[in-house]
Amino acid sequence: MRRSVITGTGSHLPEKVMTNDDLAKIVDTSDEWIRTRTGIRRRHVAAEGETTSDLATRAAERALSAAGRTPADIDTVLVATTTPDYTFPATACVVQDKLGVPAGAMAFDLQAVCSGFIYGLSVADSLIRAGQAERVLLIGAETLTRLLDWTDRSTCVLFGDGAGAVVLEAAEGTGAVSDRGVLHTVARAEGRHRELLFTDGGPSTTGTVGKLRMQGREVFRHAVNRIAEAMREVMDAAGVAAEDIDLFVPHQANVRILEATAKKLGIAPEKVMLTIEEQGNTSAASIPLALDAAVRRGRARQGDLLLLEAMGGGFTWGASLLRL
Ligand code: ACO
């Protein structure tokens with residue numbers, strides 16, 4: 001059975017850091033409120049002129065180097081993002097050019113907001129298992145701060161910029177849960193809730209990019225239930241229990257959501273990978289950023305069973321179970 005194995009991870013964060021105290025100078029908020037409600041202390045913000053493709057390219061270079069691969073080895077570049085450089089062409093085409101991935105590779109963007117990396121894993125794994133791709137560069141990259149209304153304290157304190165990448169390669173497995181690679185992924189959506197989390201603009205409505213709008217309390221309520229459902233679904237499909245999971249690598253939206261979800265599923269707190277404190281919510285970039293941090297800090301090793309999940313605008317949500 002063909003499997004999609006992660007052979008390298010990489011990430012990149014912009015240099016500029018914005019603390020909660022910095023935010024308290026521009027909106028009526030406090031470090032105490034932000035920390036206790038979200039777990040966030042600081043976030044990285046892209047500099048003027050620094051684009052999503054710049055962050056994506058740096059993360060991809062690190063993932064390629066970790067995998068021992070060169071751009072010429074890649075046949076598919078997939079960028080999950082809500083903040084593309086342009087309406088078109090796809091950011092993936094810009095990254096292909098900046099990296100030097102040869103002509104003829106497939107390159108496209110995927111838009112599923114904060115669930116983009118889980119959706120991307122589902123698509124990349126399907127391409128590999130169908131024999132359409134051998135080596136995929138899957139990147140989650142965002143300059144989400146560009147969508148923020150800096151006068152709206154209920155949203156501008158939550159988000160940050162960054163990029164994470166993985167190299168996924170085809171390998172032969174036995175079909176058992178002991179195989180390395182993506183074991184099971186679910187990606188779901190419910191568009192009727194789209195107005196709870198959206199941008200109030202777009203190319204075919206206002207002709208502008210728009211600003212992020214969110215009814216946080218409502219999103220929170222849906223998030224815990226949907227995420228837990230998706231996690232249970234992938235665990236049941238693969239026949240694994242909470243105690244079999246070596247590391248839980250969730251989308252970093254709010255530390256309270258992550259802790260509530262882990263508790264609901266019976267995953268021990270020390271098995272939860274948290275980067276939200278230093279990075280905020282980086283949307284599609286947050287899972288590969290957390291995964292790369294886990295690998296580089298030795299918290300995730302080859303052979304470990306990882307559970308990933310995300311929920312975002314749309315609503316979209318999903319989960320993935322994989323063995324590193
Ligand atoms: N500083 C101080 N006070 C604030 C701030 C702030 N930054 N933001 C809101 N408040 C106030 C509100 O005005 C409100 O005051 P009031 O009671 O006088 O009206 C009070 O704090 C409580 O507001 P709530 O919105 O009810 O606060 P809550 O405890 O729900 O926390 C939060 C808000 C952090 C946004 C939370 O609801 C949340 O995390 N929601 C989920 C967000 C999420 O997960 N998004 C994921 C997907 S993101 C994506 O897909 C792009």
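Visitor: What makes the pair formed by arginine 37 and the ligand a polar contact?

Guide: In this predicted model, a polar side-chain atom of arginine 37 lies 2.6 Å from an oxygen atom of the ligand. A polar contact is a pair of N or O atoms within 3.5 Å, and therefore the pair qualifies.

Visitor: Which polar side-chain atom lies 2.6 Å from an oxygen atom of the ligand in the case of asparagine, and what makes this a polar contact?

Guide: The atom belongs to the side chain of asparagine 254, 2.6 Å from a ligand oxygen. Because the cut-off is 3.5 Å, this pair counts as a polar contact.

Visitor: What part of glycine 313 takes part in a polar contact with the ligand?

Guide: A polar backbone atom of glycine 313 is 3.1 Å from an oxygen atom of the ligand, which is within 3.5 Å, so the pair is a polar contact. As to cover, the protein takes up 77% of the 1000 Å² of accessible area that the ligand has on its own.

Visitor: Where does the ligand sit, and which elements give two or more residues to its shell?

Guide: The second largest pocket holds the ligand. The elements giving two or more residues to the shell are helices H2 (31-38), H6 (153-156), H7 (216-238) and H8 (255-265), together with strand E12 (305-312). H7 provides the largest share, four residues.

Visitor: Which residues come nearest to the ligand, and how is the shell divided by class?

Guide: Of the 26 residues around the ligand, Thr29, Arg37, Cys114, Arg217 and Asn254 come nearest. The shell has 13 nonpolar, eight polar and five charged residues.

Visitor: Why is the ligand said to lie between domain 1 and domain 2?

Guide: Residues of both domain 1 (2-172) and domain 2 (181-323) belong to the shell around the ligand, and therefore the ligand lies between the two domains.

Visitor: How do you know that the peptide bond joining phenylalanine 88 and proline 89 is cis?

Guide: Omega of this bond is about 0°. Proline 89 is in the loop between strand E4 (76-80) and helix H4 (91-99). A cis peptide bond also joins glycine 314 and phenylalanine 315, with omega about -15°. Phenylalanine 315 is in the loop between E12 and strand E13 (316-323).

Visitor: What makes the phi of valine 113 noteworthy?

Guide: Valine 113 has phi near 50°, a positive value in a residue other than glycine. Most residues other than glycine have a negative phi. Valine 113 is placed in the loop between strand E5 (106-110) and helix H5 (116-129).

Definitions and conventions. Residues are numbered from 1 along each chain as its sequence is written. This is a predicted model: local features need pLDDT of at least 70, side-chain atom pairs count only at pLDDT 80 or more; totals for chains, interfaces and linings use all residues. Side-chain values use heavy atoms; hydrogens and water are left out. A residue is near a molecule or strand if one of its heavy atoms lies within 4 Å of it. A polar contact is a pair of N or O atoms within 3.5 Å; within protein, one must be able to donate a hydrogen and the other to accept it, and residues adjacent in sequence count only if both atoms are side-chain atoms. Accessible areas come from the Shrake-Rupley method with a 1.4 Å probe; for residues, only the protein chains shown count as cover. On a 1 Å grid over the protein atoms alone, a cavity is a set of points where a 1.4 Å probe fits but cannot get out, and a pocket is an open set with protein on both sides within 12 Å along at least five of seven lines; lining residues have an atom within 4 Å of a point. A molecule sits in a cavity or pocket if more than half of its atoms lie within 2 Å of its grid points. Ala, Val, Leu, Ile, Met, Phe, Trp, Tyr, Cys and Pro count as nonpolar, Asp, Glu, Lys and Arg as charged, and the others, Gly among them, as polar. Domain bounds come from an automatic or database domain assignment.
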